[in-house]
Amino acid sequence: MIEDLWYKNTVIYSLDLSTFMDGNGDGHGDFEGLIRRLDYLHSLGVGAVWLAPFQPTPNRDNGYDVSDYYGVDPLHGSSGDFVEFMHQAHKRGIKVLMDLVVNHTSVDHPWFQEARSDPASRYRDWYIWSEKRPSDWDEGMVFPGVQDRTWTFDKKAQAYYYHRFYEHQPDLNMENPEVRTEIRRIIGYWLQQGVAGFRVDAVPFLIESTGAGKDPEHQHFEYLAEFRRFLQWRVGDAVLLGEANVLPEETRPYFGKDGGDGIHMMFNFWVNQYLFYALATGEVKPLIDALKATQKIPSTSQWAHFLRNHDELDLGRLTDEERERVFERFAPEERMQLYGRGIRRRLAPMLGDRRHEELAYSLMFAMPGTPVIRYGDELGMGDNLDLEERDAVRTPMQWADEPQAGFTTAEKAVHPVIGEGIWGCQRVNVAAQRRDPESLLNWTARMIRLRKECPEIGWGEWTVLRTGSPHVLALRYDWRDNSLITLHNFDDHPHQVRIKPDTAGGERLVSLLSDTESEADEKGAHTITLMAYGYQWYRVGGMDYAVRREKA
């Protein structure tokens, strides 16, 4: 049954083992610590956890340089610890997604070490080589300003190897069938351990044609179909969640024909960038245009919506003028920016206003798709701009007003804990917010519960309603004869709007956030007042109306 697609109506929580909870006191987060905090995640209400890479790694890129795809890095525990974690997560009804980082490996991976050592090795063709330096050796860098080339000469191999990312991350040769067979083995291995799916790293680079003289614009979407078929043969409801920051008109092939032979879900980077433009300017039309541009996807496919993640806030798809307006509001200092296209800050310091944070999160929960929360944002954690590049938003989770924020008993943590200032663990921590019914943590838990009680958002068709205001976004969702309307005011001033639900039962709107309701006037319109950064969720006709419609 199509209704069994669990990813349509869940909430995903993104975390990095290294910075979430240290269970053995060595300063690094691990599976033992995560197990201790599963009840916290369960009480928050999330349905799935997405784990950043935890496999063995020299850790030059936050674990995204894997040196063994079939193990657990000793800093995070053992394979036995992973199995125990999976058991405990399943007991609490929490599904687990893990990163699938197969565009590249670490230079320390035995495959690459053998490939560079012996031209006759079977692993030589697992990577991409050129005896001469290609003419485009310094083009196509993912991290401009930090990375200065995509082809690096290896003295041992006496050849140049290709790397879309850092030089310590050589690209695998996806055009070699042996490589794709090995990736299927990796997928199968972790599915056998009980994971519910994979967040697939760097999808556009994974499927591009690479090599000297080849056209990277040619993409092999058949690779995604190959992985999808294998995945679903092994575990029918497992999913692939893709990281692909592409234009709206380029998205359909990623989902595949009718959503059956591509990735199940993709992060909606296009909407994310225009969401922040709306948060910075108060203007909703560009956001509406972005939503409409990504509206038509297969029925079994799904967008994943997010506010912040483990990387910079990428604004590369905005125009120069639009990007500057966002920078001016949220990253006015050069040290807050990254690669000339992004912002390396957490959500709370950027917005700087609890009302603005609530608006942003309410909208994320209300957008068509599946919400993804970054660890610590449910508390309003801050950032540390003294750390390099993207590490600014990767500080340890703040559990309590204790040494090292209750993250570790070690004298030194993997990254410095934010220990002072308005974002310090003395003020922002789980223990304090649990006791405060009006805290951001408890507000977030209520919103997660509300989102899961509104399957219309994950499953339904949606329509933008006219509000008459350039600052207010109104969306109506329809599914199984039930309708839901959400309104969000992006302005720092109150606004009164008139909306027409234009659907059965629309003469009565019952708030899902308060004990109020609205009755339509003789023209079928509702007049609704939204405070500065205000938001409302309404059930059309009320819950009793929805029940009557279902029984009918």
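Student: Before we start, what is a nonpolar core?
Tutor: A nonpolar core is a set of buried Ala, Val, Leu, Ile, Met, Phe, Trp, Tyr and Cys residues joined through side-chain atoms within 4.5 Å. Keep in mind that this structure is a predicted model.

Student: OK. How many residues has the largest nonpolar core here?
Tutor: The largest nonpolar core has 152 residues. Tyr 13 and Leu 41 have the most contacts inside it. Helix 10 gives the most to this core, with ten residues.

Student: What does Leu 41 touch?
Tutor: Leaving out residues up to four places away in sequence, Leu 41 touches Tyr 13, Leu 15, Phe 20, Leu 34, Val 46, Val 49 and Ile 94. There is also a second, separate core of twelve residues, which includes Leu 465, Ile 485, Val 497 and Ile 499.

Student: Why would such side chains sit together?
Tutor: In soluble globular proteins, nonpolar side chains tend to be buried together.

Student: New topic. How many salt bridges are there?
Tutor: A search of the whole structure finds 32 salt bridges. One of them joins Arg 199 to Asp 99, with the closest N and O atoms 2.7 Å apart. Arg 199 is in strand 7 (residues 197-200) and Asp 99 is in strand 3 (residues 95-100), so the pair links distant parts of the chain, 100 residues apart.

Student: Are Arg 199 and Asp 99 buried or exposed?
Tutor: Both Arg 199 and Asp 99 are buried.

Student: And which residue does Arg 325 pair with?
Tutor: Arg 325 meets Glu 283 in a salt bridge, at 3.2 Å from N to O. This pair also links distant parts of the chain, 42 residues apart. Arg 325 is in helix 12 (residues 320-330), and Glu 283 is in the loop between helix 10 (269-281) and helix 11 (285-293).

Student: Why do those two count as partly exposed?
Tutor: Partly exposed is the class between under 20% and over 50% relative accessible area. Arg 325 has 32%, so Arg 325 is partly exposed. Glu 283 has 28%, so Glu 283 is partly exposed as well.

Student: What about Asp 521, which residue does it meet?
Tutor: The side chain of Asp 521 meets that of Arg 498 in a salt bridge, 2.8 Å from N to O. Asp 521 is in the loop between strand 20 (517-519) and strand 21 (526-530), while Arg 498 is in strand 18 (residues 495-499). They are 23 residues apart. Asp 521 is partly exposed at 26% relative accessibility, and Arg 498 is partly exposed at 42%.

Student: Which residues are linked in a network of salt bridges?
Tutor: Asp 61, Asp 311, Arg 390, Asp 391 and Arg 394 are linked in that way.

Student: Moving on to pockets. What is the volume of the largest one?
Tutor: The largest pocket has a volume of about 1000 Å³. It is lined by 40 residues, and the closest to its centre are Val 142, Pro 204, Phe 205, Asn 245 and Asp 314. Helix 7 (203-206), helix 10 and strand 11 (313-314) are the elements that give two or more residues to the lining.

Student: How does that lining divide by class?
Tutor: The lining of the largest pocket has 17 nonpolar, eight polar and 15 charged residues.

Student: And the second largest pocket, how much space lies in it?
Tutor: The second largest pocket holds about 400 Å³. Of its 22 lining residues, Lys 8, Gln 295, Ile 297, Gly 460 and Glu 461 are the closest to the centre. The lining of the second largest pocket has nine nonpolar, ten polar and three charged residues.

Student: Back to helix 10. Where is Gln 273, and what does it touch?
Tutor: Gln 273 is in helix 10, and it is buried at 0% relative accessibility. Not counting residues up to four places away in sequence, Gln 273 touches Asn 245, Asp 314, Leu 315, Gly 316, Arg 317 and Leu 318.

Student: Last thing. Which phi sign do most residues other than glycine have?
Tutor: Most residues other than glycine have a negative phi. Gln 158 has a positive phi of about 55° although it is not a glycine, and Ala 202 also has a positive phi of about 55°.

Student: Where are they, and are they buried or exposed?
Tutor: Gln 158 is in the loop between strand 5 (151-154) and strand 6 (159-162), and it is exposed at 52% relative accessibility. Ala 202 is in the loop between strand 7 and helix 7, and Ala 202 is buried at 4%.

Definitions and conventions
Residues are numbered from 1 along each chain as its sequence is written. This is a predicted model: local features need pLDDT of at least 70, side-chain atom pairs count only at pLDDT 80 or more; totals for chains, interfaces and linings use all residues. Side-chain values use heavy atoms; hydrogens and water are left out. A salt bridge is a side-chain nitrogen of Lys or Arg within 4 Å of a carboxyl oxygen of Asp or Glu. Helices (H or I, at least four residues) and strands (E, at least two) are DSSP runs, numbered from the N terminus. Buried means under 20% relative accessible area, exposed over 50%, partly exposed in between (1.4 Å probe, protein chains only). Contact means heavy atoms within 4.5 Å. On a 1 Å grid over the protein atoms alone, a cavity is a set of points where a 1.4 Å probe fits but cannot get out, and a pocket is an open set with protein on both sides within 12 Å along at least five of seven lines; lining residues have an atom within 4 Å of a point. Grid points are joined across faces, edges and corners, and a volume is the space filled by probe spheres set on the points. Ala, Val, Leu, Ile, Met, Phe, Trp, Tyr, Cys and Pro count as nonpolar, Asp, Glu, Lys and Arg as charged, and the others, Gly among them, as polar.
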